[in-house]
Amino acid sequence: MPKPVQQWFNEYAVSHKNPTNKAIHWFMVPAIYFSIVGLLWSLPLSAVVSDQQLSPWINAASLLALPIHWFYLRLSKALALAMALFTLSCFLLCDLISTLSPIPLWQCSIWIFVVAWIGQFIGHKIEGKKPSFFEDIQYLLIGPLWLMGFVFDYLNIEYKAKK
């Protein structure tokens, strides 16, 4: 039985109490999520599959999204759906940047990734605690879900499993 979503959130919150660190997370966590999607989006699978032209939407990002959202689904169906919509919006933005930007998506993604992680580490310096993922790598997936939990709480939408 997986750890309940609220237990993940309570454990994650231990190193995210400082209001400045929390505010930084509201910008940097989605930026990091997008940048990772962008880097993975830049790895098309058509280079691996011979003699086939695959859709640009079939890539490392879309394939890795499947187990990630399975993890989310096991924690909360409602939050998993919201994260799937957020991921889809990242996919749309990746496609848009790939199509219209003179700067390659992978370069944009690297810059966003570096700047966002600098912001995260500044936030944790202010907090006085190490990022949670140093304790358990799964917290890299919990951060975005934790923020989505706040959105659901603000909108008064239930996301925890009924007992």
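Contact here means heavy atoms within 4.5 Å. The model is predicted: local features need pLDDT of at least 70, side-chain atom pairs count only at pLDDT 80 or more, and totals for chains, interfaces and linings use all residues. Residues are numbered from 1 along each chain as its sequence is written, and side-chain values use heavy atoms, with hydrogens and water left out.

**View 1. Contacts and helices of the chain.** Among contacts in the chain with a separation of 6 or more, 74% join residues 24 or more positions apart. Six helices and zero strands make up the chain's count (DSSP runs, numbered from the N terminus: helices are H or I of at least four residues, strands E of at least two). The radius of gyration, taken over C-alpha atoms, is 17 Å, close to the 15 Å of the globule rule (2.2 Å times the number of residues to the power 0.38) for 163 residues, so the chain is as compact as a globular protein of that length.

**View 2. Ser76 between two helices.** Ser76 lies in the loop between helix H3 (60-75) and helix H4 (77-100). Ser76 counts as buried because its relative accessibility is 2% (buried is under 20% relative accessible area, exposed over 50%, partly exposed in between; 1.4 Å probe, protein chains only). A polar atom of the Ser76 side chain lies 2.6 Å from the backbone oxygen of Tyr159.

**View 3. Burial and extent of the chain.** Of the 163 residues, 37% count as buried. Along the principal axes, the C-alpha atoms fill a box of roughly 50 × 40 × 30 Å.

Note on methods:
A polar contact is a pair of N or O atoms within 3.5 Å; within protein, one must be able to donate a hydrogen and the other to accept it, and residues adjacent in sequence count only if both atoms are side-chain atoms.
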